[in-house]
Amino acid sequence: MAPLEYLSQTQIDKFYRDGYLIVPGFLSHDQTSSLLLRAKELLDDFTPEDHPLTKFTTSDEDHIGDNYFLNSGDKIRYFLDEDAVDSSGKLTRDKSRAVNKIGHALHELDPVFRNVTLENDRLKALVRDLRFHHDPVALQSMVIFKQSQTGGAVPEHNDSTFLYTSPPSALGFWIALEKCTPTNGALSFLPGSHLTTPITKRFVRLLGGGTGFEQLVTPPPPSSDISENPRENASEGVSEGNYMLEVCEPGDLVLIHGSVLHKSERNTSAHTRFAYTFHMIDSSPHTEYDEKNWLQPTDAMPFSRILDVPNEITLSTPVH
């Protein structure tokens, strides 16, 4: 087995035990500042006049699904907060505070974001150390803007529901561009839930247009080689009920297992909480990513491979 390049064995063990891992100072101060500056420049470039005013929603009943969203996999597009547009189609606040996120091909099309994603040797070393995938590809990226006072809560969810492969293989990379605190919407996790929570539904393109959730007919049981109560083994820290609230400094990376339950609360503070996030999945023949998924690669922009040489051995145990 190759020696570790970036992560420690303690960090790797913690990720597989808890389903997430905080990697402090993954990006340098200069890298983080460059991403934050570029994110603000993109906000300034937003022109509501020629925008379909597509809103980002987190509700199961009314999830986003128009063509502007569905065709965004090879573009850089803007998605608004749910309450940023009134009944007459007018913005309810300044455009710089109306955008919820920008995505989904920042890692491909924008040089600043591409540099820390596809051209980042430290990231490649981390991926080799973690051995979560055989031959990972990056399939989408976005900047999330949780604005002061108005940035909404994101309810409990797992990422493999929205980026589904068979078997599930989604892995999130979430980088804080600003300090994340209990009052401005820091992430919270349910440690060990990736080992006990099966993926029961998936977010799909509907035949008649738009998107919806498809129930998985027979979700496989969670992995059986885990203790019945994995929370007993979860790391100690500041807890919120069973959830662990994780504060972050700018440049910190949060690795998020596709099956772990997580959420964030509304930003009630005077400070914004901007973050850059992207996702990887394993590629064929190790997993199947089918045409039902909302996000589809194109001939001009297939999903980009991360490693020059695939991992021969992985550590992840598939949990459907």
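Start at the second largest pocket of this predicted model: by class, seven nonpolar, one polar and five charged residues make up its lining. The space inside comes to about 280 Å³. To find the spot, select Ala-2, Arg-128, Arg-131, Asn-311 and Glu-312, which of the 13 lining residues are the closest to the pocket's centre.

Keep Arg-131 selected for a moment. This residue sits just after helix α6 and has a positive phi of about 50 degrees.

Now step back along the chain and select residues 121-130, which form α6. How many of its 10 residues are buried? Seven are, leaving the helix mostly covered. Color them to see the pattern: Leu-123, Lys-124, Ala-125, Leu-126, Val-127, Asp-129 and Leu-130. A lysine and an aspartate are on that list, as Lys-124 and Asp-129.

Next, zoom in on the N-terminal end of α6, where Asn-120 acts as the cap. One of its side-chain oxygens is 3.0 Å from the backbone nitrogen of Arg-122.

From the helix, move on to Leu-255. Its contacts beyond four places in sequence include Leu-126 and Leu-130 of the helix you just colored. Show the others as well: Phe-15, Gly-19, Tyr-20, Leu-21, Val-23, Gly-172 and Phe-173.

Which residues touch the most other members of the largest nonpolar core? Leu-255 is one of them, together with Phe-173 and Tyr-276, in a core of 59 residues. For a last stop, select Ile-22, Trp-174, Leu-187 and Cys-248, which are among the 17 residues of another core lying apart from that one. In soluble globular proteins, nonpolar side chains tend to be buried together.

Technical notes:
Residues are numbered from 1 along each chain as its sequence is written. This is a predicted model: local features need pLDDT of at least 70, side-chain atom pairs count only at pLDDT 80 or more; totals for chains, interfaces and linings use all residues. Side-chain values use heavy atoms; hydrogens and water are left out. Buried means under 20% relative accessible area, exposed over 50%, partly exposed in between (1.4 Å probe, protein chains only). Helices (H or I, at least four residues) and strands (E, at least two) are DSSP runs, numbered from the N terminus. A polar contact is a pair of N or O atoms within 3.5 Å; within protein, one must be able to donate a hydrogen and the other to accept it, and residues adjacent in sequence count only if both atoms are side-chain atoms. A nonpolar core is a set of buried Ala, Val, Leu, Ile, Met, Phe, Trp, Tyr and Cys residues joined through side-chain atoms within 4.5 Å. Contact means heavy atoms within 4.5 Å. On a 1 Å grid over the protein atoms alone, a cavity is a set of points where a 1.4 Å probe fits but cannot get out, and a pocket is an open set with protein on both sides within 12 Å along at least five of seven lines; lining residues have an atom within 4 Å of a point. Grid points are joined across faces, edges and corners, and a volume is the space filled by probe spheres set on the points. Ala, Val, Leu, Ile, Met, Phe, Trp, Tyr, Cys and Pro count as nonpolar, Asp, Glu, Lys and Arg as charged, and the others, Gly among them, as polar.
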